[in-house]
Amino acid sequence: MTTQDIFHILQADIHSVVFATLDGKGLPQTCVIDLMLADEEGLYFLTARGKSFYERLAVRPFAALSGRKGADTLSSVSISLRGAVRNIGKERLAEIFEKNPYMEKIYPTEKSREALEVFQLCKGEGEYFDLSQQPPFRQAFSFGGQAVHQTGYRISGEKCIGCQGCRSVCPTGCISSTVPRVIDGNHCLHCGNCFRICPVKAVERLG
């Protein structure tokens, strides 16, 4: 799945996501924000200059967000990302209202829209996690030139002695039967069972 595919799911299918930013005391604050546009340059949303959310972005132009779709846990797809934010002012505001016509009911006049400014998530990384398939599927992604930082666990081929410890406690069966053992990161839950049970400390934590 490409980053653009993931952006499309976030913007079109999920649309309303939970944003996390830091306040003046360095404490996390969350709010629900609609993602208005998505393209190869990033994700776009807007807020009013009078909102605390706007002030937090102005001071610390960085945000994390999470969105989920699905009727229940075992049919869900969740996407989380974090990255740099930039204020692009009124740029693309007209396009946002055209493609999200419900916004006209919230801000019905040109005058009422004067407080609005558009922000772009322009550089960052994230994770797509699909529990609707078994074993679950996980994919890291990045955008805007950001490198992907690997998370989860891996097994050192030099240390692995080929015991069955890690495989016996893996809930998704994502550890190879070959020796040295290999973890398939696309299906790893990051539970850490293998890390805790390995008698020779061959399992290493990433990230």
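A cavity is a set of grid points where a 1.4 Å probe fits but cannot get out. With that in mind, here are some close-ups of this predicted model.

**View 1. Two enclosed spaces turn up in the search.** Looking through the whole structure for cavities of 30 Å³ or more gives two of them. Let's start with the largest cavity, at about 90 Å³. Its lining includes the cysteines Cys160, Cys163, Cys166 and Cys198, along with Ile155, Ile161, Pro199 and Val200. Sort that lining by class and you get 10 nonpolar residues, one polar and one charged.

**View 2. The second largest cavity has a volume of about 70 Å³.** Cysteines show up here too: Cys170, Cys174, Cys188, Cys191 and Cys194 are part of the lining. Pro171, Thr172, Ile175, Ile183 and Leu189 line this cavity as well. How many charged residues are in the lining? There are no charged ones, just nine nonpolar and one polar.

**View 3. Now for a pocket: the largest one holds about 370 Å³ of space.** Its lining has 23 residues, and the ones closest to the centre are Glu127, Arg138, Ala140, Gln150 and Thr151. Which elements give two or more residues to this lining? They are strands E5 (62-69), E6 (77-89), E7 (116-130) and E8 (137-143). The mix by class is nine nonpolar, 10 polar and four charged.

**View 4. The second largest pocket comes in at about 200 Å³.** Here 13 residues make up the lining, with Leu46, Thr47, Lys51, Met103 and Tyr107 closest to the centre. Strand E2 (28-34), strand E4 (42-48) and helix H4 (103-106) each give two or more residues to the lining. By class, this lining has 10 nonpolar residues, one polar and two charged.

**View 5. Zooming in on leucine 37, in strand E3 (residues 37-39).** Is leucine 37 buried or exposed? Its relative accessibility is 4%, and the cut-off for buried is under 20%, so leucine 37 counts as buried. Leaving out residues up to four places away in sequence, leucine 37 touches Gln11, Gly42, Leu43, Tyr44, Arg92, Glu95, Ile96 and Lys99.

**View 6. Stepping back from leucine 37 to glutamine 150.** Remember Gln150, one of the residues closest to the centre of the largest pocket? In sequence, leucine 37 and glutamine 150 are 113 residues apart. In space, the C-alpha to C-alpha distance between them is 28 Å.

Methods: Residues numbered from 1 in each chain as written. Predicted model: local features only at pLDDT ≥ 70, side-chain atom pairs only at ≥ 80, totals over all residues. Heavy atoms only, no water. 1 Å grid on protein atoms, 1.4 Å probe; cavity = no way out; pocket = protein on both sides within 12 Å on 5 of 7 lines; lining within 4 Å. Points joined across faces, edges and corners; volume = space filled by probe spheres on them. Helix = DSSP H or I, 4+ residues; strand = E, 2+ residues; numbered from the N terminus. Nonpolar A, V, L, I, M, F, W, Y, C, P; charged D, E, K, R; others polar. Buried < 20%, exposed > 50% of the residue type's maximum accessible area, 1.4 Å probe, protein only. Contact = heavy atoms within 4.5 Å.
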